[in-house]
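Grab the viewer and work through these exercises with the coordinates open. Each one sets a task and then walks through a solution.

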Amino acid sequence: MELMVHDQEYMSSGHVGCPGCGAAIAMRFLLKALGDKIIIILPACCWSVIAGPYPQSTLHVPVIHSAFETGGAVASGVKAALDMKGDKETTVVTWAGDGGTFDIGFQALSGAVERNEDFIYVCYDNEAYMNTGIQRSSSTPYGAWTTTTPGDEWKRLRKKNIVEALVAHRIPYAATANIAFPEDLVRKAKKAQSITGSKFLHIYASCPTGWRIASELSIKIARMAVQTNIFPLYEVEDGVKYTINYRPKEYPVSEYFKLQGRFQHLTEEDLEHIQKMVDEDWALLLRKAGEHPS
Amino acid sequence: MKRVVEGSQAVAEAVRLARVGVISAYPITPQTHIVEFLSEYCANGSLKARFMRVESEHSALAALIGTASTGVRAFTATSGQGLALMHELLHWTSGARLPIVMAEVNRALAPGWNIWVDQTDSLAQRDTGWIQLYCENGQEVLDTVLQAYRLGELVNLPVMVVLDAFFLSHTYEPVDVPEQETVDSFLPPYEPKFQLDPKDPCAFGSLVTPNIYMEMRHSIAQAMDDALRCFPYIEDEFEKIFDRRYGTVEALYCDDADIILVTTGTITSTSRQVVNELRAEGEKVGLMKLKLFRPFPVHHVRSVLISAKKIAVIDRNFSFGAGGIFAQEIRAALCNEPGHPPVYGYIAGIGGRDVTTDVIGEIYRRTKNSEAPEAESIWMGLQEV
Ligand SMILES: Cc1ncc(C[n+]2csc(CCOP(=O)(O)OP(=O)(O)O)c2C)c(N)n1
Ligand code: SF4
Ligand SMILES: [Mg+2]
């Protein structure tokens with residue numbers, strides 16, 4: 001199958017991510033979609049390292065590394081300066097991890113979106129603080145081991161639904177995307193770029209190191225997340241218009257969990273419980289999209 | 001019992017032994033191992049504490065302000081950016097007179113992301129009303145956390161136990177980890193002097209007009225003085241039980257020294273070696289390690305340093321536009337003493353660069369061979385860029 005994504009690269013080989021790093025793949029496709037008339041705001045995350053140490057940079061576009069909690073605010077300031085300079089062409093893009101988005105950076109993100117700042121906020125989601133060594137975040141899913149949810153203290157709380165939180169701001173555009181579905185990802189990034197106001201992209205990005213999976217399973221796991229309804233592909237316009245972009249095969253979730261080291265402790269009972277939660281979330285999403293179970 | 005543990009684990013062991021009730025922290029390299037050990041202890045039941053996995057350092061300390069105000073022993077740990085983000089609440093903790101203890105792993109501040117050791121993060125918080133104790137090795141870290149609870153709860157002030165990134169936080173050493181009963185005999189359960197209690201309703205932190213705010217601030221100043229006065233007594237008790245003491249400052253060969261090096265943290269260990277070697281060569285050199293930085297032990301510092309001919313302070317930190325922070329404080333402590341020795345300020349090891357025996361040896365020789373300091377701050381080992 002031929003990929004309908006162009007060959008132009010805006011990222012050098014030789015980045016310092018782990019083999020199979022989903023975050024590196026996500027960035028590569030995002031840049032292909034947005035081109036090089038962009039400025040990237042990069043709050044602390046794995047990508048602060050992946051981008052390369054001084055004096056190197058793996059990205060062919062301007063990057064401002066910024067404090068962990070400031071992704072929404074620094075972007076607002078960059079955009080204001082571009083406005084003052086009369087630059088209407090450059091797209092401002094914040095690129096943050098789940099910790100920098102769901103947790104410590106949520107206040108700055110919420111503020112920027114409420115002001116409807118004209119920028120794209122991209123969260124690549126690897127479901128924990130990976131840069132600092134796999135600590136839980138509010139994006140860590142129910143059932144996961146992390147170094148701060150060890151042993152029998154595995155996380156028994158649901159993952160925060162960040163897209164719905166942004167939708168509640170009536171953000172002009174919010175969408176999920178996934179490294180196993182690059183064409184969908186590229187289309188959504190381009191669409192975001194064409195809309196004025198705040199845009200939010202939530203990209204599922206596997207992390208072999210933190211999830212305790214083989215690096216060659218990175219894409220397979222990402223695809224399974226969609227096919228099991230764990231991470232549905234959908235978009236929401238103006239906070240009201242929901243579109244489900246892909247109707248998954250609706251495989252049972254257990255296979256997804258069994259492939260990953262971080263879930264090895266879960267019993268059949270736990271998996272049934274998780275299946276129920278996933279079904280419930282999916283039904284809720286269908287209702288919002290005005291669709292019906294297949 | 002002696003065990004070989006990481007500096008971070010020495011912190012975690014002390015927190016377990018102190019029977020802390022609530023821990024709230026946010027991960028940041030190089031503090032993460034402390035948080036992970038404590039998560040582990042809470043998960044396996046060896047520490048019966050509530051571990052709050054909050055969404056930022058700001059919330060970590062704010063949560064503990066709630067905890068300590070409700071009368072429960074509280075602990076947090078952070079580094080660099082995390083401490084900087086806590087700044088507002090650092091003032092709040094001391095203003096509210098809450099004896100929270102924090103382990104602060106010295107880390108360089110961004111930008112340029114740098115996870116390695118540099119003391120500017122904790123020293124930039126010197127005016128926040130926290131007691132600050134700097135540690136040299138794993139044993140001192142464990143002991144100091146226990147002392148910190150005694151001291152903080154006695155004077156109702158928060159305490160920062162400061163340790164170097166990696167050189168201490170990630171280094172394994174034999175550490176005597178005492179038995180719980182022994183620690184209990186030194187550190188009794190926390191008895192808050194005030195707390196939120198529906199049976200005795202009080203309002204904390206209300207609007208305070210100029211006619212009383214100043215007196216409140218003065219009482220914090222007095223509590224700091226009390227801390228300085230009481231620390232030796234707490235160490236007396238500690239020594240009786242554990243047979244170890246550190247002092248607000250430690251003076252090595254200072255009595256007859258012409259030149260005294262002043263150090264903190266792990267640079268002290270390397271300096272011990274250098275000073276011993278120089279002494280063996282007949283050099284009249286001494287070493288003063290500063291442990292207690294806030295409150296600043298002015299009188300101890302003066303009495304140790306006053307009769308030397310020159311003082312050489314090694315600062316792994318910098319206050320832009322002023323100089324090395326320890327050097328400034330030492331100068332201030334000496335300035336009212338007639339005929340005090342000149343203070344040479346050396347900047348070394350910024351952002352995690354090694355401060356080797358060679359660097360310290362050179363600092364000694366430069367001090368010895370110059371009539372007067374060539375500059376307020378002398379940066380060691382700068383490369384041409
Ligand atoms: C104020 C502050 N606290 C903590 C840190 C340490 N820190 C850097 S990156 C990071 C985790 C990042 O997690 P996430 O945003 O999910 O990105 P990931 O590393 O997983 O890709 C943390 C805790 C920091 N840089 N600043
Ligand atoms: S830890 Fe995970 S997210 Fe970070 S570089 Fe490695 S694979 Fe990528
Ligand atoms: Mg993450």
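**Exercise 1: the pocket of ligand 1**

Task: find which residues are closest to ligand 1 and work out where the ligand lies.

Solution. Start with the shell: 24 residues surround ligand 1, and the closest are Gly99(A), Tyr124(A), Ala128(A), Asn131(A) and Glu57(B). Keep in mind that this is a predicted model. Next, look at the chain letters: ligand 1 lies between chains A and B.

Now go for the polar contacts, using a cut-off of 3.5 Å between N or O atoms. On the chain A side, a side-chain N or O atom of Asp98(A) is 3.0 Å from an oxygen atom of ligand 1. Asn131(A) uses its backbone instead, with an N or O atom 2.8 Å from a ligand oxygen. From chain B, Glu57(B) puts a polar side-chain atom 2.6 Å from a nitrogen atom of ligand 1.

How much of the ligand's area does the protein cover? On its own, ligand 1 has 590 Å² of accessible area, and the protein covers 98% of that. Two elements each give two or more residues to this shell: helix H4 (98-103) of chain A and helix H4 (80-85) of chain B. H4(A) gives the most, with three residues. Sorted by class, the shell has 14 nonpolar, seven polar and three charged residues.

**Exercise 2: the magnesium ion**

Task: list the protein donors of the magnesium ion (ligand 3) and their spacing along the chain.

Solution. Pick out the donor atoms: OD of Asp98(A), OD1 of Asn126(A) and O of Ala128(A), at 1.9 to 2.1 Å from the ion. Along the chain, these donors follow D-x27-N-x1-A. Then check burial, with under 20% relative accessible area as the cut-off: Asn126(A) and Ala128(A) are both buried.

Asn126(A) turns up again around ligand 2, in a shell that also includes Cys18(A), Cys21(A), Cys46(A) and Cys207(A). Helices H2 (46-50) and H8 (208-211) of chain A each give two or more residues there. That shell splits into seven nonpolar, three polar and no charged residues.

**Exercise 3: strand S4(A)**

Task: are the faces of S4(A) covered or open, and which strands pair with S4(A)?

Solution. Count first: seven of the seven residues in S4 (residues 119-125) of chain A are buried. Both faces are covered, with Phe119(A), Tyr121(A), Cys123(A) and Asp125(A) on one side and Ile120(A), Val122(A) and Tyr124(A) on the other. Then trace the neighbors: S3(A) runs parallel to S4(A) through five bridges, and S6(A) runs parallel to S4(A) through seven. Tyr121(A) is a handy landmark, standing opposite Thr94(A) and opposite Phe200(A) in S6(A).

Terms used: Residues numbered from 1 in each chain as written. Chains lettered and ligands numbered in written order. Predicted model: local features only at pLDDT ≥ 70, side-chain atom pairs only at ≥ 80, totals over all residues. Heavy atoms only, no water. Near = heavy atom within 4 Å. Polar contact = N/O pair within 3.5 Å; in protein donor to acceptor, adjacent residues only side chain to side chain. Areas by Shrake-Rupley, 256 points an atom, 1.4 Å probe, with all protein chains shown as cover. Helix = DSSP H or I, 4+ residues; strand = E, 2+ residues; numbered from the N terminus. Nonpolar A, V, L, I, M, F, W, Y, C, P; charged D, E, K, R; others polar. Donors = N, O, S within 2.8 Å, 3.2 Å for Na, K, Ca; no water. Buried < 20%, exposed > 50% of the residue type's maximum accessible area, 1.4 Å probe, protein only. Pairing = 2+ DSSP bridges.
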